[in-house]
Amino acid sequence: MYDTTPALYVGLDVSLAETHVCVLDQSGSRVFEGVVVSDPDALEKLLRERAPGCSSIAIETGATTPWLWRELRKRGVAVTCIDARHANRALSMRHNKTDRNDAQGLAELMRIGWYKEAYVRTVDAQHIRSMMNGRYQLRQCRKDILNQMRGIVKVFGLFSGSTATTKFAEILCQIAADNPMAAKMLTPLLNAFHALETEIDAYEIELRDIAKNDSDARRLMTIPGVGYLVALRYMSAIEDPARFTSSAKVGAYLGLTPRVRQSGDGQWTAGIGPAPDPILRSYLYEAAGTIITRIVKWSRLKAWGVRLYKRVGFKRAAIAVARKLATIMHAVWSDGTEFVYSNEPTKAQPT
């Protein structure tokens with residue numbers, strides 16, 4: 001007996017308040033168009049009424065997408081999260097950029113099968129990333145406040161030494177104590193600076209505890225240059241090492257491989273491409289620089305990086321070591337091994 005249920009394709013263009021919905025049939029004709037509040041219960045009800053049994057439902061990656069995707073999946077709605085950057089290439093060809101047209105475009109992509117499914121993180125991974133993003137934002141604010149105070153003391157000639165010191169905040173406190181005019185300018189900024197320091201420390205204590213209690217994170221931290229921040233950021237970005245059939249593919253995913261450009265008979269290598277997680281890429285770059293220049297204990301990774309440094313310069317060598325580091329981290333994570341400073345891998349001890 002053949003299934004006579006008509007094939008339907010649904011596109012959901014989600015915003016914070018409302019979601020535009022478009023349902024197409026197999027020929028591409030619109031079956032339904034409408035707007036519903038961006039709530040899982042409301043979306044489930046509408047989809048069961050307008051597209052019953054449909055398994056081709058598209059939703060773009062976005063801020064609220066992980067939550068909606070998880071909630072709809074819990075309710076038995078077979079929604080697919082597609083890569084927004086990939087979808088944008090097709091949707092940008094439309095003459096008018098509207099939410100209604102975007103919903104129809106997403107449904108069209110599902111109908112023709114021209115889409116790239118995106119991985120949706122779990123709640124635990126999103127929790128760690130949110131904490132790390134909060135820490136990163138507070139550090140940026142602290143940096144801005146410190147630069148502002150540097151400008152004040154320089155403009156008014158209150159400090160003539162080097163401001164590139166870890167004790168500069170203490171020096172500013174002393175300047176404010178000795179100079180009443182400077183105190184009016186510096187004290188509010190100093191109070192904000194110290195408050196940010198306290199909150200950053202709170203984030204770091206929590207993240208250290210998470211890494212300490214995670215056996216995979218502890219194994220990754222046996223790799224030179226990898227601390228708790230690099231390990232946790234890497235794990236929250238990859239989340240499931242089985243997503244990659246080969247450890248060598250992780251470098252390209254993280255934007256650490258050079259791009260190839262070809263036109264006619266000409267072919268050349270460009271710089272590295274965009275990164276899905278710029279913070280992680282910067283962490284890996286810093287870890288690579290630490291391996292090349294600061295870590296004293298030698299390993300095959302360090303020896304290879306130093307040779308590359310002498311041949312192509314620090315920046316290119318650091319990017320190459322960062323790519324190698326991402327590959328090693330995936331292998332250690334997948335195999336349950338630890339990094340050792342010899343040619344023989346050692347199985348991690350049970351925890």
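**Cores, helices and salt bridges**

M181 is a residue of helix 7 (helices are DSSP runs of H or I with at least four residues, strands runs of E with at least two, numbered from the N terminus). With 47% relative accessibility, M181 is classed as partly exposed (buried is under 20% relative accessible area, exposed over 50%, partly exposed in between, using a 1.4 Å probe and protein chains only). The model is predicted, so local features need pLDDT of at least 70 and side-chain atom pairs pLDDT 80 or more, while totals for chains, interfaces and linings use all residues. Residues are numbered from 1 along each chain as its sequence is written, and side-chain values use heavy atoms, without hydrogens or water.

Helix 7 (180-212) also gives two or more residues to a nonpolar core, but that core is best entered through its central members. The largest nonpolar core has 46 residues, and those touching the most other members are L220, I223, Y234, L254, L284, L325 and M329 (a core is a set of buried Ala, Val, Leu, Ile, Met, Phe, Trp, Tyr and Cys residues joined through side-chain atoms within 4.5 Å). Two or more residues each come from helix 5 (123-155), helix 7 (180-212), helix 8 (215-220), helix 9, helix 11 (278-293), helix 12 (300-312) and helix 13 (314-335). Helix 13 contributes the most, 11 residues. A second core, separate from this one, has 22 residues, among them L12, C54, L68 and V77.

Y234 can serve as a way through the larger core. Beyond its neighbours within four places in sequence, Y234 is in contact (heavy atoms within 4.5 Å) with L220, E239, V250, L254, L280, A326, M329, H330 and W333.

One of these partners, E239, belongs to the loop joining helix 9 (228-238) to helix 10 (249-253). E239 is buried at 16% relative accessible area. Its phi is positive, about 65°, although E239 is not a glycine. Most residues other than glycine have a negative phi. A242 is placed in the loop between helix 9 and helix 10, but is exposed, with a relative accessible area of 61%. The C-alpha atom of A242 is 43 Å from that of L146, 96 residues away along the chain.

Helix 12 has L301, K302, A303, G305, V306 and L308 as its buried residues, and these pack against helix 11 and helix 13. Its end C-alpha atoms are 18 Å apart, in agreement with the 18 Å expected for 13 residues at 1.5 Å a residue (1.5 Å times one less than the number of residues). After helix 12 comes G313, with a positive phi near 100°.

The whole structure contains 16 salt bridges (a side-chain nitrogen of Lys or Arg within 4 Å of a carboxyl oxygen of Asp or Glu). Six residues, D41, E44, R48, E71, K74 and R75, are linked in a salt-bridge network. Within helix 2, E71 and K74 are 3 residues apart, about one turn of the helix, and their side chains form a salt bridge at 3.5 Å, N to O. E71 is buried at 18% relative accessible area, whereas K74 is exposed at 66%.

E44 and R75 also form a salt bridge, with the closest N and O atoms 3.8 Å apart. This pair joins distant parts of the chain, 31 residues apart: E44 is in helix 1 (residues 40-50), and R75 is in the loop between helix 2 (65-74) and strand 5 (79-82). R75 is partly exposed, at 25% relative accessibility.
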